[in-house]
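Here's a set of exercises to work through with the model open in your viewer. Try each task before you read its solution.

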Amino acid sequence: MDRTTAAAAPNSDDFPRQFARTRRFSLGVPRHFTVSPDGRRVLFVRTGSGSDPVGRLWQYEDGAERLLADPVALVGTGAEAVPEEERLRRERARERSVGVVAYAADAAVGLVAFALSGALWAVRTEGGAPFPVPAAGPVVDPRPSPDGRHIAYVSQRSLHVTDLDGNDRQVARSEGPEIAYGLSDYTAAESIGRPRGYWWAPDGRRLLVTRVDTSPVERRYISDPADPAKPPRAIRYPVAGTANAEVTVQLLALDGKRVDVVWDRAAYEYLVAAGWDAHGPFLAVQNRDQRTVRTLAVDPATGATEVLHERTDPAWVELMAGTPARTASGALVLPEDSADTRCLTVGGLRVTPDGLQVRAVLGVEGEQVLFTAGDDPLETHVWRYEPGLGSRRLSREPGRYGGAARGGTLVLAGVTPRGSEVTVVRGEAGADASPQALASLAEEPVIAPRASPLTLGKRELRAALHLPSWHTEGAGKLPVLLDPYGGPGLQMVGRDRGWPSCVSQWFAEQGFAVLVVDGRGTPGRGPAWEKAVHGDLLRPVLEDQVDALRAAGERFTDLDLERVGIRGWSFGGFLAAAAVLHRPEVFHAAVAGAPPTDQRLYDTYWKERFLGHPDEHPENYARSSLVGHGHRLRRPLLLIHGLADDNVAVANTLRFSAELLAAGRPHSVLPLPGATHAPSDDVVNENLLRFQRDFLLDALGAGRGN
């Protein structure tokens, strides 16, 4: 098989450019949904086309879409000037568009606020053009009060509240460069999943606000070696085993009154969730070893807290997006783990059956709870719980779904085998209501995935095998490429046409049999499966990749197990490098993108969850790191890393490369100047795919007539 044969696959060479310019096919897809209380209006964000990165605010009503805000018309087509705090928020959210990327509405969904190039804008949904609202400085995370009379926002780390005429008041002033009000800290945004830092009271008179002091946190310096005249940028990064930011909470009134919220911060230093509903303000806090989470009610008069619920786990308590929450009657909505099922509880009672893995709570309306769950690891569906009716599945077709619901209207946003699809159902789902589609402007991939779903090995590993469209069974052996993530928090295998399956199919068209495997530690198969990596992030995940590969080789004789490569990014990059280090008899080449080679260099919350505190469990970090094992390398290895990566520091790659060099082990390093953990440059992303392909074909002796 040669490169000419592989390149004959139709449109194969066009895919990398399309993949890059569409930002992984995310552009043009409707997202960020808000439904009005009466269910008549649905707000959402969508870019202008599948290659246009400018997000616009839209409204769906009475079966028709209406453009509410077009950034091009409001501020022009020039490069967007974004405040530093907003840039960091977008980076941590892996935001790939510009323009309107986020918005917030009042309780009635009548007033919507958003930021453009640091300026504050608002628009009324009943009609009229967007209008600028005077603000004290560059605006981050604007949010209208529930009554629509005010808009709160963060500017230069201080919290402001303004009315629509621009009467601005600073309700919390930053005391210095290390203090911020109303913003989430690095750990909360990147690892915990709490992007917000303030919440309005339902009456619009007060706010629940975080105060973040980053002064105890270690500094890191990110430089640009491609521009030696440019000074390095200092960031606060809480390395495993070191101090976190000090996060406190205050109740702030519009008249300037301030009440400190009090809880045992020495024991519970992580603020993992917060909110303010009809029953009052509340917090969820977690201790440093992450084995206990408490839900606290906050007295709005005194700031005193009361424990409403406590969850414990001998490994770690897994957080669930959208929880804690409360129904109209005050029943707490929380997850609960058994050995093999993550259930949903309402008022202390389980409302989901064994085997249905609950993933997130999407919203609470009255006594109803909208959530996502799946009884099959390959699919995630939207469900609704209602007293007397139990839990019912609302999405029907295969795929992975999220959505929103209110006032009898349901929005289902799914990635299905056909791609991204969004439907709006007005009226009771599943009855006489007919779904209406919100138009997706995403481009159709020039490569159509044609994966075969597999269940492999004694642990029934979920996998997908991508073969070239031009390959005929029995015509010859194909080199094998494993294409996993393989770690906590992310699944790659499913009945959907997400961008990872498109990339895997493109590699298949280049002449590989591409195998994708979700092993232990990945979500969707219950708590015991997820927590099988507690104390060891390497052995179980690598073992599962090897077992799946061998099982696939036994089933498909065209797989050449003498020519096996593996590629991955982030945890997947770590797994790829580990594969050629520890199992060179199985894996013959690897591409490792942004690999955390030294687990001690990663952040406190994420890494201590799995490995414990490094001072107390150094053996866990040693067994789960690649450093110290460089002398084992005897297979081709390509290391790729963005030099501006503030998530997985480039030091991971540079130090490991130095270790390999000292041991006399040849390898390749591809540095990406200016790139962060998720490179955003279209040209870089296009050519990265081609560069990896060529490296793997050469390393495996494929593509040259072999």
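**Exercise 1. The cores**

How many residues does the largest nonpolar core have, and which of them have the most contacts inside it?

Before solving, some housekeeping: this is a predicted model, where local features need pLDDT of at least 70 and side-chain atom pairs count only at pLDDT 80 or more, while totals for chains, interfaces and linings use all residues. Residues are numbered from 1 along each chain as its sequence is written, and side-chain values use heavy atoms, with hydrogens and water left out.

*Solution.* Step one is the term: a nonpolar core is a set of buried Ala, Val, Leu, Ile, Met, Phe, Trp, Tyr and Cys residues joined through side-chain atoms within 4.5 Å. Buried means under 20% relative accessible area, exposed means over 50%, and partly exposed is in between (1.4 Å probe, protein chains only).

Step two is the count: the largest core has 60 residues, and Leu456, Leu482, Leu515, Leu549, Phe587 and Leu637 have the most contacts inside it. Helix 9 supplies the largest share of this core, nine residues.

Step three looks at one of those residues. Leaving aside neighbours within four places in sequence, Leu456 is in contact (heavy atoms within 4.5 Å) with Leu461, Ala463, Leu515, Ala548, Ala551, Ala552 and Arg555.

Finally, there's another core apart from the largest one, with 30 residues, including Phe25, Ile447, Val503 and Leu672.

**Exercise 2. Two helices**

Work out how helix 8 and helix 9 are oriented, and what their contact is made of.

*Solution.* Start with the elements: helices (H or I, at least four residues) and strands (E, at least two) are DSSP runs, numbered from the N terminus. Helix 8 covers residues 539–555 and helix 9 covers residues 571–582.

Next, the geometry. Axes are lines fitted to C-alpha atoms, for helices over the stretch in contact, and angles run from 0 to 180 degrees between N-to-C directions. The two helices pack at about 70°, with their axes 10 Å apart. Angles under 35 degrees count as roughly parallel, over 145 as roughly antiparallel, 65 to 115 as roughly perpendicular and the rest as oblique. Helix 8 and helix 9 are therefore roughly perpendicular.

Now the contact: helix 8 brings Val541, Leu542 and Gln545, and helix 9 brings Phe571, Leu575, Ala578, Ala579 and His582. Sorted by type, that's six nonpolar, two polar and no charged residues. Here Ala, Val, Leu, Ile, Met, Phe, Trp, Tyr, Cys and Pro count as nonpolar, Asp, Glu, Lys and Arg as charged, and the others, Gly among them, as polar.

**Exercise 3. Strand 7 and its partners**

Which residues point each way from strand 7?

*Solution.* First the sides: Leu111, Ala113 and Ala115 point one way, Val112, Phe114 and Leu116 the other, and all are buried. In other words, six of the six residues in strand 7 (residues 111–116) are buried.

Then the pairing, which takes at least two DSSP bridges between two strands. Strand 6 (residues 104–105) pairs with strand 7 in the antiparallel sense over two bridges, and Ala105 stands opposite Val112. These strands form a hairpin with five residues between them, where Val109 in the turn has a positive phi of about 55°.

Strand 8 (residues 119–124) also pairs with strand 7 in the antiparallel sense, over six bridges, and Leu116 stands opposite Ala119. That hairpin has two residues between its strands, and Ser117 in the turn has a positive phi of about 50°.

**Exercise 4. An open sheet**

In what order do the four strands of the open sheet run?

*Solution.* The order is 29-30-31-32, with antiparallel pairing. Strand 29 (357–365) and strand 32 (390–393) stand at the edges, each with a single partner strand, so one side of each has no neighbour in the sheet. The twist averages 30° from one strand to the next. Seven bridges join strand 29 to strand 30 (residues 368–374), and Val361 has Phe371 as its bridge partner in strand 30.

**Exercise 5. Backbone oddities**

Is Phe25 buried or exposed?

*Solution.* At 9% relative accessibility, Phe25 counts as buried. Phe25 sits in the loop between helix 2 and strand 1, with a positive phi near 65°. Arg23, in the loop between helix 2 (15–21) and strand 1 (31–35), has a positive phi of about 50°, but at 23% relative accessibility Arg23 counts as partly exposed.
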